[in-house]
Amino acid sequence: MREQTTRERWHQVHNLLGKGVGLLECARRLNLALNTVKRYARTREPETLRRAPRYRPTLVDPYCDHLRTRRAADPAVPVLQLFREIKELGYTGSLNLLYRYITQGRAEGDRPVITPRRLARLLLAHPDNLRDKGTKLLRELTAACPEMTELARLVKEFAELLTPSADNDTKLTEWITAVRAANLPYLHAFVNGLELDRAAVNAGLTLPTTTAAPRASTREPRES
């Protein structure tokens, strides 16, 4: 809710500034402090106003330096391998806790702050609809760990199947096999759903759009 309010206020301030309204008048119209309006006016996009999240201490914290050093030396090191290493050092937490710690960016002090919702938007957006900044951010985030790299690849491959083609049913089978071999439980649940209505899915991916059942547009809004 706070993030949405911040974004709305940023747009309100910049809309007024674009109409030639002064900072003091913006503050009066929007019932904001002048310093707040100045802060919004100085930023080029609302995301830069987002504050870094405050996390509670976790069992992973004592091993952060080890994780950071290992990932800097080998960005592709699997999380499971890191789990084994810190277990030997005395870590008593779960693998899921370590996953969450890493995907939140807590093992990299300079990792850009980003919400899961925005990361999902970047992953699902058509590459042609991403600006250079969005493409660069997505590349940095998906390189954060091997699981994210694999997830981005599988999402991209599935998106390619959304353009109907006669051999997409075979490609879908190959894609499902690749997903089941990956350590990505949420995608496993997704492919289980596909298999429940495979005939309809095959029709949607293989038949021309004029004969297949109507589908919602897969075009994503342009990333700002």
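**Helix 5, Glu 85 and a loop residue**

A polar contact of 2.7 Å links the side chain of Glu 85 to the side chain of Arg 70. The model is a predicted one, and Glu 85 has its place in helix 5. This briefing takes Glu 85, then the helix around it, then a loop elsewhere in the chain.

**Glu 85**
- Because its relative accessible area is 14%, below the 20% cut-off, Glu 85 counts as buried.
- When residues up to four places away in sequence are left aside, Glu 85 touches His 66 and Arg 70.

**Helix 5 and its surroundings**
- The buried residues of helix 5, which spans residues 79–88, are Val 79, Leu 82, Phe 83, Glu 85 and Ile 86.
- These buried residues lie on the same side of helix 5, because they cover an arc of only 165 degrees around the axis.
- In an α-helix there are 3.6 residues a turn, so residues three or four places apart point the same way.
- The cover over the buried residues of helix 5 includes helix 4 (64–73), helix 6 (95–103) and helix 9 (146–161).
- Just after helix 5 comes Gly 90, whose phi is positive, at about 115 degrees.

**Asn 31**
- Asn 31 is in the loop between helix 2 (23–30) and helix 3 (34–42), and it counts as exposed because its relative accessibility is 70%, over the 50% cut-off.
- The phi of Asn 31 is near 60 degrees, which is a positive value in a residue other than glycine.
- Most residues other than glycine have a negative phi.

How values were computed
Residues are numbered from 1 along each chain as its sequence is written. This is a predicted model: local features need pLDDT of at least 70, side-chain atom pairs count only at pLDDT 80 or more; totals for chains, interfaces and linings use all residues. Side-chain values use heavy atoms; hydrogens and water are left out. Helices (H or I, at least four residues) and strands (E, at least two) are DSSP runs, numbered from the N terminus. Buried means under 20% relative accessible area, exposed over 50%, partly exposed in between (1.4 Å probe, protein chains only). The arc is that of the directions from the helix axis to the C-beta atoms. Contact means heavy atoms within 4.5 Å. A polar contact is a pair of N or O atoms within 3.5 Å; within protein, one must be able to donate a hydrogen and the other to accept it, and residues adjacent in sequence count only if both atoms are side-chain atoms.
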